[in-house]
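Trainee: Hey, can you walk me through this one? I'd like to start with the charged side chains.

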Amino acid sequence: IRVVTNLLNLAAEAIARIYKARWGIESFFRWIKQNLNVPKLFGQTPNAVYNQLFAALIAYVLMQWLYQKTKSAIPMPTLSLVAFQRTLLTGALPLIWLDALTTFLYEYFALNRSSLSFIG
């Protein structure tokens, strides 16, 4: 592999480590764009970027959690996480998944005696 750089005072190993670290960052941003559905950042300030990324990450973790909990209640789950997210967000989730999701959420909040009344 050949790398062109203007860092003439660094050894090749140091440049390779820098490139490897940068590649990790690029891979992380690609994962964010693909999995968190953040193709474009709406703000340019650090606070706006953090807020958008944190909101997307929270939504992703909640969707992952719901998927894992409802998948275990279905005899033969045929949806992947991505398909689950897409069909849930478009309102086209199969009835077996809707039933499992509703049952899980009802039991979860009944068991914990929690409610979402604090939201609004």
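Trainee: So how many salt bridges does the structure hold?
Mentor: The structure holds 1 salt bridge. The term stands for a side-chain nitrogen of Lys or Arg within 4 Å of a carboxyl oxygen of Asp or Glu. Keep in mind that this is a predicted model, where local features need pLDDT of at least 70 and side-chain atom pairs count only at pLDDT 80 or more, while totals for chains, interfaces and linings use all residues. Residues are numbered from 1 along each chain as its sequence is written, and side-chain values use heavy atoms, with hydrogens and water left out.

Trainee: Which side chains meet in that salt bridge?
Mentor: Glu26 and Arg22, at 3.7 Å from N to O. They sit 4 residues apart in helix α1, so about one helical turn separates them. Helices here are DSSP runs of H or I with at least four residues, strands are runs of E with at least two, and both are numbered from the N terminus.

Trainee: Is Arg22 buried or exposed?
Mentor: Arg22 counts as exposed because its relative accessibility is 56%. Glu26 is partly exposed, at 36%. The cut-offs are under 20% relative accessible area for buried, over 50% for exposed and partly exposed in between, with a 1.4 Å probe and protein chains only.

Trainee: Okay, new topic. What about aromatic pairs?
Mentor: There are 11 of them in the structure. In one, the ring centres of Phe28 and Trp31 are 6.5 Å apart and the planes are at 15 degrees, so this pair is stacked. Rings of Phe, Tyr and Trp (its six-membered ring) pair if their centres lie within 6.5 Å; planes under 30 degrees apart are stacked, over 60 edge-to-face, and the rest tilted.

Trainee: Where do those two sit in the chain?
Mentor: Both are in helix α1, 3 residues apart, so there's about one helical turn between them. Phe28 is partly exposed because its relative accessibility is 48%, and Trp31 is partly exposed too, with 33%.

Trainee: Got another stacked pair?
Mentor: Sure, Tyr67 and Trp97: their ring centres are 5.7 Å apart and their planes are at 5 degrees, so they count as stacked. This pair links distant parts of the chain, with Tyr67 in helix α2 and Trp97 in helix α4 (residues 95–111), 30 residues apart. Tyr67 and Trp97 are both buried.

Trainee: Which residues have the most contacts inside the largest nonpolar core?
Mentor: Leu36, Val38, Phe84, Leu93 and Trp97, in a core of 18 residues. Two or more residues each come from α2, α3 (81–90) and α4, and α2 gives the largest share, 6 residues. A nonpolar core is a set of buried Ala, Val, Leu, Ile, Met, Phe, Trp, Tyr and Cys residues joined through side-chain atoms within 4.5 Å.

Trainee: And what's in the nonpolar patch on the surface?
Mentor: Ile25, Phe28, Phe29, Trp31, Leu57 and Val61, with about 560 Å² of accessible area together. The largest share, 4 residues, comes from α1.

Trainee: How is a patch defined?
Mentor: Its residues have over 30% relative accessible area and no salt bridge; like charges are joined within 9 Å, and nonpolar side chains (Val, Leu, Ile, Met, Phe, Trp, Tyr) within 5 Å. Areas come from the Shrake-Rupley method with a 1.4 Å probe, and for residues only the protein chains shown count as cover.
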